[in-house]
Amino acid sequence: GRVKEVLGEIDDPGMEIEIAVRKYSVPHEFSDACIALARTLPDKVRPQDKKHRVDLTDVALVTIDGEDARDFDDAVYCEPATMGRGKSAVKGWRLLVAIADVSHYVENGSAIDIDAYDRATSVYFPRRVIPMLPEKLSNGLCSLNPEVERLTLACDMVVDTEGKVQAFQFYPAIIRSHARLTYTEVAAVLSNTRGPEAQRRADLVPHLLHLHEVYRALLKQRAKRGAVDFESTETQIICDDNGRIEKIVPRTRNEAHRLIEEAMLAANVCAAEFIAAAEHPGLYRVHEGPTPEKRLALQNQLKALGLGMHLSDDPKPGEIQAIAQATAGRPDAVQIHMMLLRSMQQAIYTATNAGHFGLAFEAYTHFTSPIRRYPDLLVHRVIKALLGGRRYHLVASGKTRKPELRKGGKVAHRSAKPLSQEMELWEAAGGHCSANERRADEASRDVEAWLKCRYMREHLGEEFSGTVSSVAGFGLFVTLDAMYVEGLVHITELGGEYYRFDELRQELRGERTGIRYVVGTRVRVQVSRVDLDGRKIDFRIVRDVELDRPLARGDKPRGASATEELGAV
């Protein structure tokens with residue numbers, strides 16, 4: 001072989017990202033044709049772009065995103081509305097979700113479109129994003145930046161007090177975002193309407209309160225549907241200027257996060273229903289429930305944990321949610337919820353609508369992020385074609401991947417009918433986007449794992465408190481309380497006792513002493529080894545937290561008393 005490219009020194013800032021994009025074959029350079037075409041695009045909205053669009057520039061639409069966001073896909077607005085007249089009049093809200101009209105600038109089959117399809121998604125790393133679209137579009141012309149005119153595709157909804165969308169319509173529009181708000185700022189306004197944040201945004205406070213009202217109504221419908229809502233702790237890696245981890249902190253979700261999430265879910269459902277009603281091909285976001293094998297395994301695991309909750313032969317989302325709610329207060333709640341999540345199948349993009357199990361929707365798609373997801377761009381094109389009385393014909397482009405096969409050789413959707421040539425194209429596009437979504441996730445996880453290993457290498461020999469997060473036949477995985485880093489305590493580090501692994505109970509039990517290690521056991525560990533290349537961190541248990549006594553190497557560890565209670569709950 002020949003040296004193709006020299007990336008630099010292993011300790012160079014950002015080298016872990018350079019390695020990951022090549023390791024996972026993530027496209028990270030735009031083609032010359034794509035860059036050349038992007039240069040020809042205008043810097044702002046032109047008069048001819050405004051034709052046949054609804055002017056919403058006077059509507060107080062705002063974007064609400066994280067502090068570090070650079071591309072703004074969506075803007076929202078809400079006001080009180082009354083449906084019907086006279087005694088039959090029903091009060092509710094008008095919820096307006098305006099999404100960047102990427103399809104206006106990215107034409108089907110163009111050089112930009114080919115590159116976007118090949119990437120299928122933006123890839124997010126700490127301190128760096130590999131965008132799906134050139135920066136001129138993603139951070140400029142398509143981004144709904146404040147106080148500038150932007151083209152959008154609007155989903156205009158009427159929502160009643162029970163959270164039902166009574167009516168909706170889509171139309172091309174032009175907007176001027178009235179403010180770029182952050183989740184933290186909006187949450188502060190909602191919690192204190194007389195605070196400094198509210199005073200600074202006094203003109204927008206009434207609209208934000210209306211958004212909060214419609215969000216509370218949408219939550220009612222979420223509860224009625226039985227949509228699944230798991231406990232999970234997402235982490236954020238804070239890096240210094242050299243790309244090294246300074247700290248790892250939990251990413252907290254506040255009312256503003258949930259507000260935007262519910263508004264986006266409502267718009268996505270409307271998009272799916274609009275396409276389905278027109279009987280037009282498109283991409284749906286499909287999430288199927290547990291297979292019979294996974295349902296049985298989950299039932300056995302719940303039984304082993306002492307949870308007397310039964311699953312029906314064809315589980316409904318409400319059954320899973322009931323288990324999630326019943327276990328919310330347990331010390332091992334996060335692990336149980338992860339077990340519930342893994343019992344379900346992975347969400348995919350497909351042309352065959354099989355519903356979304358987790359969200360409990362009969363039809364669902366992705367419409368709200370066309371700057372960073374290609375399926376959303378396709379959904380926009382279909383909706384705009386239908387609004388114009390036309391059909392959208394998908395053209396095969398880029399490196400198309402066939403729909404993946406599941407166990408038993410079945411294609412990843414429920415349809416057993418032969419597919420038309422058009423539907424085969426849509427299924428291939430769905431398979432391609434699903435595969436590239438997983439590729440992006442794997443590349444992001446690889447970089448985070450490398451950074452965490454590099455971070456923990458500086459803490460070799462130090463002791464930390466942690467909790468057993470999962471159990472395997474070869475040892476225990478422990479998550480550190482302060483750092484949210486997971487490492488392995490190998491079974492050989494558990495002393496002279498011989499431990500048997502019980503897969504159903506997810507525990508290691510000492511054969512002679514009956515000592516148990518299960519999910520939720522509190523331990524204190526020492527960082528004993530870090531394998532940077534293998535992305536592995538090894539711990540050694542040094543203290544029994546419950547008894548507050550040190551453990552010598554060869555001493556026989558004792559299971560925490562709290563773990564004994566877990567099996568009896």
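Which residue takes a positive phi in the hairpin of E3 and E4? Glycine 84 does, with a phi near 85°, in a hairpin that has 6 residues between its strands. Keep in mind that this is a predicted model, and let us use that turn as the way into the sheet around it.

The hairpin belongs to an open sheet of 5 strands, ordered E1-E8-E7-E4-E3, whose pairing is mixed. Its edge strands are E1 (54-55) and E3 (74-83), each of which pairs on one side only. As a general reminder, strands of a sheet pair through backbone hydrogen bonds, in either a parallel or an antiparallel way.

Start at the E3 edge and walk inward. E3 and strand E4 (residues 90-100) run antiparallel and are joined by 10 bridges. To find the register by eye, look for aspartate 74, which stands opposite isoleucine 99 in E4. Further along the pair, alanine 81 faces glycine 92 of E4. E4 itself is mostly covered, with 9 of its 11 residues buried.

The next step takes you from E4 to E7 (149-160), again antiparallel, through 9 bridges. Here leucine 96 has aspartate 156 of E7 as its bridge partner, and alanine 100 stands opposite threonine 152 in E7. E7 is mostly covered as well: 10 of its 12 residues are buried.

One more step brings you to strand E8 (residues 165-176), which pairs with E7 in the antiparallel sense over 11 bridges. Leucine 153 of the pair stands opposite proline 172 in E8. The hairpin of E7 and E8 has 4 residues between the strands, and in it glycine 163 takes a positive phi near 85°.

Now look for the helix that packs on this sheet. Helix H7 (residues 205-225) touches E3, E4 and E7, and its direction makes about 75° with that of E3.

From the sheet, turn to the nonpolar interior. The largest nonpolar core has 97 residues, and Leu95 and Phe367 are those with the most contacts inside it. Helix H8 (residues 255-277) supplies the largest share of this core, 11 residues. Phenylalanine 367 is a good place to centre your view. Leaving aside neighbours within four places in sequence, its contacts include Ile99, Leu153, Cys155 and Phe170, along with Ala267, Asn268 and Ala271. Also in contact with phenylalanine 367 are Asp376, Val379, His380 and Ile383. You have already met two of these partners in the sheet: isoleucine 99 as the residue opposite aspartate 74, and leucine 153 as the residue opposite proline 172.

What other core lies apart from this one? It is a core of 42 residues, among them Phe125, Val471, Val485 and Val523.

For another part of the chain, go to helix H1 (residues 15-23). Its buried residues are Met15, Glu16, Ile17, Ala20 and Val21. Their cover includes strand E5 (123-125), strand E6 (128-130) and H13. After H1 comes serine 25, whose phi is positive, near 55°.

There is some empty space to find, too. The count comes to 3 cavities of 30 Å³ or more. The second largest holds about 50 Å³ of space. Its lining is made by Val26, Pro27, Arg119, Thr121, Val123, Ile130, Pro131, Asn436, Arg439 and Ala440. Helix H13 (residues 421-457) gives the most to that lining, with 3 residues. H13 thus appears in two places on this tour: in the cover of the buried residues of H1, and in the lining of the second largest cavity.

Finish at another sheet. This one is open, has 3 strands in the order E17-E18-E19, and its pairing is antiparallel. Strands E17 (499-502) and E19 (516-518) stand at the edges with a single partner strand each, so one side of each is left without a neighbour in the sheet. On average, neighbouring strands here are turned by 20° against each other, direction ignored. E17 and strand E18 (residues 507-510) pair over 4 bridges, and tyrosine 499 has glycine 510 of E18 as its bridge partner.

Technical notes: Residues are numbered from 1 along each chain as its sequence is written. This is a predicted model: local features need pLDDT of at least 70, side-chain atom pairs count only at pLDDT 80 or more; totals for chains, interfaces and linings use all residues. Side-chain values use heavy atoms; hydrogens and water are left out. Two strands pair if DSSP finds at least two bridges between them. Axes are lines fitted to C-alpha atoms, for helices over the stretch in contact, and angles run from 0 to 180 degrees between N-to-C directions. A nonpolar core is a set of buried Ala, Val, Leu, Ile, Met, Phe, Trp, Tyr and Cys residues joined through side-chain atoms within 4.5 Å. Buried means under 20% relative accessible area, exposed over 50%, partly exposed in between (1.4 Å probe, protein chains only). Contact means heavy atoms within 4.5 Å. On a 1 Å grid over the protein atoms alone, a cavity is a set of points where a 1.4 Å probe fits but cannot get out, and a pocket is an open set with protein on both sides within 12 Å along at least five of seven lines; lining residues have an atom within 4 Å of a point. Grid points are joined across faces, edges and corners, and a volume is the space filled by probe spheres set on the points.
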